[in-house]
Amino acid sequence: MMRTNGAVPPAPLKTPRRRRVNTARREDLLAQVTDIFLAEGFTSVTVEDLTRRLRCSKSTLYGVGSTKEKLVVAATKHFFGSEAHRIEQAVAEQDDPQGKITTYLEGVAQAMRRNSPAFYTDMVTYAPTAEIYARNTARAAERIREMIDDGVCAGVFRATNGIVAAQVVALAIEAVQSGTLLERTGLSAAESFAELADLLFNGLRHVS
């Protein structure tokens with residue numbers, strides 16, 4: 001390679017070498033990384049910690065996510081995606097509109113119980129994971145609204161209260177996501193979703 005005016009060309013930037021990881025191995029590693037982050041948060045856990053505890057090389061781990069930031073995002077998406085799938089499967093087994101909503105909210109509460117305080121704090125204070133959380137809480141509010149609408153159409157819920165209830169649920173979920181409700185009540189996110197199910201049906205049911 002020719003040099004101009006005797007200048008030494010800059011050395012090429014080094015990037016982590018990633019080992020190709022088969023799909024099953026990648027999913028297993030991602031699930032294990034997710035469990036560690038959920039239990040301990042991700043701020044204090046280093047890549048070196050992960051490779052030691054998972055007994056894999058950095059190159060193997062970088063096959064799951066090429067940086068720690070990408071590992072964090074991948075794990076957070078994996079958590080919400082797998083929990084959403086589990087919840088929807090449970091909801092599909094219910095025929096009664098109230099049973100569907102109760103199952104959904106109980107499923108969300110169960111999912112949020114997997115979050116340690118450390119993970120929850122890390123998640124809501126790190127912009128990429130906070131955005132993932134916000135998208136999923138917005139989707140949860142939309143799913144509840146859809147199920148309330150289904151209950152109204154089936155004649156199980158009162159139409160006027162269904163509209164109000166859908167808005168209340170959306171506001172409550174937003175308050176949980178922002179931390180306002182947690183701060184004011186002292187409840188965890190999981191406890192808040194469990195309480196929401198109890199409150200919701202006092203206003204929705206037809207009075208016999």
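The turns below ask why certain terms apply to parts of this predicted model.

It is a predicted model, in which local features need pLDDT of at least 70, side-chain atom pairs count only at pLDDT 80 or more, and totals for chains, interfaces and linings use all residues. Residues are numbered from 1 along each chain as its sequence is written, and side-chain values use heavy atoms, with hydrogens and water left out.

Me: Why is T129 called buried?
Reply: Buried means under 20% relative accessible area, exposed over 50%, and partly exposed in between (1.4 Å probe, protein chains only). T129 has 0%, so T129 is buried.

Me: What makes R55 count as exposed?
Reply: R55 has 77% relative accessibility, so R55 counts as exposed. R55 also has a positive phi of about 55°, although R55 is not a glycine.

Me: How do you know that the side chain of T129 has a polar partner in M123?
Reply: A polar contact is a pair of N or O atoms within 3.5 Å; within protein, one must be able to donate a hydrogen and the other to accept it, and residues adjacent in sequence count only if both atoms are side-chain atoms. A polar atom of the T129 side chain lies 2.9 Å from the backbone oxygen of M123.

Me: What makes N22 a cap of α1?
Reply: A side-chain oxygen of N22 lies 3.3 Å from the backbone nitrogen of A24, at the N-terminal end of α1. Just after α1, G41 has a positive phi of about 80°.

Me: Which residues does T129 touch, not counting those up to four places away in sequence?
Reply: With contact meaning heavy atoms within 4.5 Å, T129 touches F42, V72, T76, D122 and M123.

Notes
Helix = DSSP H or I, 4+ residues; strand = E, 2+ residues; numbered from the N terminus.
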